[in-house]
Amino acid sequence: MSLRKLRVEITLPRFYKNGKKIEDEKFLETDTELRKSFNGCERMPNFEGTWISSSGKVYADRNQGFKVDVPNKNESLSFFKQYKRKLERRFDQDEIYIIA
C-alpha cells in the first residue's frame, strides 16, 4: 500500500539564541511559503520543550510550529532538505527540527 501524503512537522523557536523575541513576520513568511508550495499548512500554537546539548547543558525552548501534508515523493523530501537550511538562516539557528 502506497501512502499518497506525508505529514511534515516543523518546530521553530520563538526566541533567538540571545533571548530576543523572533519577529512575527518571520512566521508569517514561513506560513505563506508553505501554503504556496503545498496548498495549505497548519500553525501549531506556542509550546515548550527541553533538550540537552552535546556538552550536557539543558536548554528550555519556547516554540511554534507548522504541520503540512505533502505528496509522498522524493521531491517533497528534497524540498524540505533545502528549506531546513533556509529556515536555519531566517531564524538564526544552528538547527531547525523537521520530522516526517
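**View 1. F79 is partly exposed in this predicted model, because its relative accessibility of 25% falls between the two cut-offs, 20% for buried and 50% for exposed.** Now look at F80, whose relative accessibility is 7%. That is under 20%, so F80 counts as buried. How do the rings of F79 and F80 sit relative to each other? Their centres are 4.9 Å apart and their planes meet at 85°, so this pair is edge-to-face. An angle over 60 degrees is what earns that label.

**View 2. Here F79 is shown with another ring, that of Y83.** The two ring centres lie 5.2 Å apart, and the planes are at 20° to each other, so the pair of F79 and Y83 is stacked. Both residues belong to helix α2, which covers residues 74–90. They are four residues apart, and that is about one turn of the helix. Is Y83 buried or exposed? With a relative accessible area of 4%, Y83 is buried, because the value is under 20%.

**View 3. Zoom out a little, and F79, F80 and Y83 turn out to be part of one aromatic cluster with F38.** F38 closes helix α1, which runs over 24–38. If you go hunting for ring pairs across the whole structure, there are seven aromatic pairs to find. As a reading aid, a pair of aromatic rings is described by how far apart the centres are and by the angle of the planes.

**View 4. In this close-up, R14 lies over the face of F27.** The distance to check here is the one from R14 to the ring centre of F27, and it comes to 4.5 Å.

**View 5. Strands β1 and β3 run side by side in the antiparallel sense.** Nine bridges link the two. Try picking out a couple of partners: L6 stands opposite V70 in β3, and P13 stands opposite N63 in β3. β1 also pairs with strand β4, residues 97–99. That pairing is antiparallel too, with three bridges. Which residue of β4 is the bridge partner of T11? It's Y97. While you follow any strand, keep in mind that in a regular strand the side chains alternate between the two faces of the sheet.

**View 6. Strands β2 and β3 make a hairpin.** Five residues sit between the two strands. In the turn you'll find G56, which has a positive phi of about 95°. The strands themselves pair in the antiparallel sense over nine bridges. One of the partnerships to look for is G49 with D61 in β3.

**View 7. Two loop residues, N39 and D92, have a positive phi even though neither is a glycine.** Most residues other than glycine have a negative phi, which is why such spots deserve a second look. For N39, phi is about 65°. N39 sits in the loop between α1 and β2. Its relative accessibility is 75%, over the 50% cut-off, so N39 counts as exposed. D92 has a phi of about 50° and is placed in the loop between α2 and β4. At 43% relative accessibility, D92 counts as partly exposed.

**View 8. This one is about the largest pocket, which holds about 630 Å³ of space.** How many residues line the largest pocket? There are 23 of them, and P13, W51, D61, N63 and Q93 lie nearest the centre. You've already met some of these: P13 and N63 stand opposite each other in the pairing of β1 with β3, and D61 is the bridge partner of G49. Strands β1 (5–13), β2 (42–52) and β3 (58–71) each give at least two residues to the lining. Sorted by class, the lining has 10 nonpolar, six polar and seven charged residues.

**View 9. To finish, here is the overview that puts the close-ups in place.** The protein chain has two helices and four strands. Going along the sequence, you can tick them off as β-α-β-β-α-β. Along its principal axes, the C-alpha trace spans about 45 × 30 × 20 Å. Of the chain's 100 residues, 31% count as buried, F80 and Y83 being examples.

Definitions and conventions:
Residues are numbered from 1 along each chain as its sequence is written. This is a predicted model: local features need pLDDT of at least 70, side-chain atom pairs count only at pLDDT 80 or more; totals for chains, interfaces and linings use all residues. Side-chain values use heavy atoms; hydrogens and water are left out. On a 1 Å grid over the protein atoms alone, a cavity is a set of points where a 1.4 Å probe fits but cannot get out, and a pocket is an open set with protein on both sides within 12 Å along at least five of seven lines; lining residues have an atom within 4 Å of a point. Grid points are joined across faces, edges and corners, and a volume is the space filled by probe spheres set on the points. Ala, Val, Leu, Ile, Met, Phe, Trp, Tyr, Cys and Pro count as nonpolar, Asp, Glu, Lys and Arg as charged, and the others, Gly among them, as polar. Two strands pair if DSSP finds at least two bridges between them. Rings of Phe, Tyr and Trp (its six-membered ring) pair if their centres lie within 6.5 Å; planes under 30 degrees apart count as stacked, over 60 as edge-to-face and the rest as tilted. Buried means under 20% relative accessible area, exposed over 50%, partly exposed in between (1.4 Å probe, protein chains only). A charge sits over a ring if NZ of Lys or CZ of Arg is within 6 Å of the ring centre and within 35 degrees of the ring normal.
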